[in-house]
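Q: I am new to this structure and would like to learn how its features are read, one after another. Could you take me through them slowly?

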Amino acid sequence: MQTSNNKILEVNAMKVHFPIHLGVLGKGKTLFIKAVDGVSFFLEKGETLGLVGESGCGKSTTARGVLQLYRPTEGQVFFQGKDLCLEKGDALRRMRQYMQMIFQDPYASLDPRMTVKEIIGEPMKVHGIPEKKRDRYERVLELMKLVGLNPTDVHRYPHEFSGGQRQRIGIARALAVRPELIVCDEPVSALDVSIQAQVINLLEDLREQFNLSYLFISHDLSVVKHISHRVSVMYLGIMVELAEKNELFAKPLHPYTQALLSSIPVPDPVAEGKRTSIALEGEIPSPIFPPPGCRFHPRCKRKEKICSESTPVWKEAAPGHFVACHLIG
Ligand code: SF4
């Protein structure tokens, strides 16, 4: 990982809200699902930032907001020095070449009517690189080798491959246009545990080889711990804690992070016997009407009076370790 003046991505106070129109019975009112409600973070070249949190906390919407697949309602997303929220049309399409995505479900994300050659070749065709068809074909074969697929399978269809191999096709497709940033949205959660490690190791090797930056989304904390340099914890559309991974796993400060981490089983049987899991009670509240003050207060066992009255400030509790909780500082 390189130094902090080597940022590839900077997100400032990004919000992604979705309107819901209530119709006549709702007196024509419009409510907003505040899926992402003001997140700020950066990503360095060659770095992996893990995004964790329960499902529905806004991880995937954050990623799609960064890539402008959902246009942010407010805020800025700087990539290669340009605010993507202000870009549109061809300019945005050109920048998308450098930001690719690997999806969760390798079964659903590959078109079953296309061959591997067409799937991996498609982004190159869209962006016109390389210009010649023959060169594109050569690059498809090269990419297949790179991700551990047999180039002789180039004319086969997705259903002829295993889950792990399909995810390798998805990775080759993402790499085809030489991106700098890849959003990995739960890339291994649909795979068998034995295959997960192989795909994670492949992603690690590729990041090192091409100095890629990953925004890595997962609900699996062990996977995130393995692959990330820094980890950010999301809850109900906001970030509640962000730190270098060893610091976060050793000294979690936010009660929500502490509860999440306490649920990870430990391989050592003695340590596992001593582990106390902090139960998270209740459901995540509605992102349409998030609780006032600290959003976690209805589920927090350490809440105080101030927690329901005032929103905790995002503060740096230790160098590079940020948290939003009234108990800290
Ligand atoms: Fe719990 Fe209060 Fe901290 Fe929120 S601010 S996490 S309710 S202690």
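A: What follows goes through pockets, salt bridges and one single residue, in a model that is predicted.

Q: How much space lies in the largest pocket, and which residues lie nearest its centre?

A: Rolling a probe the size of a water molecule over the atoms shows where empty space is left. In this structure the largest pocket holds about 450 Å³ of space, and its lining is made up of 16 residues. Nearest to the centre of this pocket lie Gln100, Met101, Phe103, Pro123 and Arg173. Two or more lining residues come from each of the elements α2 (89–96), β6 (99–102), α3 (116–127) and α5 (163–175).

Q: Which element gives the largest share of that lining, and how do its residues divide by character?

A: The largest share of the lining of the largest pocket comes from α3, which gives four residues. Sorted by character, the lining of the largest pocket has eight nonpolar, four polar and four charged residues.

Q: What can be said of the second largest pocket, and which residues lie nearest its centre?

A: The second largest pocket contains about 320 Å³ of space and is lined by 19 residues, with Gly38, Ile238, Met239, Pro312 and Ala324 lying nearest its centre. At least two lining residues are supplied by each of β2 (30–44) and β10 (238–244), and the largest share, four residues, is that of β2. The lining of the second largest pocket divides into 12 nonpolar, five polar and two charged residues.

Q: How many salt bridges are there, and how is a single one read?

A: A salt bridge is read from the distance between a side-chain nitrogen of Lys or Arg and a carboxyl oxygen of Asp or Glu, which must lie within 4 Å. The count for this structure comes to 16 salt bridges. One of them joins Arg230 to Glu47, with 2.5 Å between the closest N and O atoms. This pair links distant parts of the chain, since Arg230 belongs to strand β9 (residues 230–235) while Glu47 sits in the loop between β2 and β3 (48–52), 183 residues apart. Both Arg230 and Glu47 are buried.

Q: Where do Arg134 and Glu138 lie, and are they buried or exposed?

A: The side chains of Arg134 and Glu138 form a salt bridge, at 2.8 Å from N to O. Arg134 and Glu138 are four residues apart in helix α4 (residues 133–146), so about one helical turn separates them. Arg134 counts as exposed because its relative accessibility is 53%, whereas Glu138, at 37%, counts as partly exposed.

Q: Is the salt bridge between Arg207 and Glu208 made by residues that are buried or exposed?

A: In this pair, whose side chains meet at 3.8 Å from N to O, Arg207 counts as buried because its relative accessibility is 8%, while Glu208 is exposed, with a relative accessible area of 58%. Elsewhere, Asp153, Arg156 and Glu160 are joined into one network by salt bridges that share partners.

Q: Why does His321 count as buried, and which residues does His321 touch?

A: A residue counts as buried when its relative accessible area is under 20%. His321 has a relative accessibility of 1%, and therefore counts as buried. His321 is found in strand β12 (residues 321–323). Leaving aside residues up to four places away in sequence, His321 touches Glu241, Leu242, Ala243, Glu247, Lys251, Leu253, Lys315 and Glu316.

Definitions and conventions. Residues numbered from 1 in each chain as written. Predicted model: local features only at pLDDT ≥ 70, side-chain atom pairs only at ≥ 80, totals over all residues. Heavy atoms only, no water. Buried < 20%, exposed > 50% of the residue type's maximum accessible area, 1.4 Å probe, protein only. Contact = heavy atoms within 4.5 Å. 1 Å grid on protein atoms, 1.4 Å probe; cavity = no way out; pocket = protein on both sides within 12 Å on 5 of 7 lines; lining within 4 Å. Points joined across faces, edges and corners; volume = space filled by probe spheres on them. Nonpolar A, V, L, I, M, F, W, Y, C, P; charged D, E, K, R; others polar.
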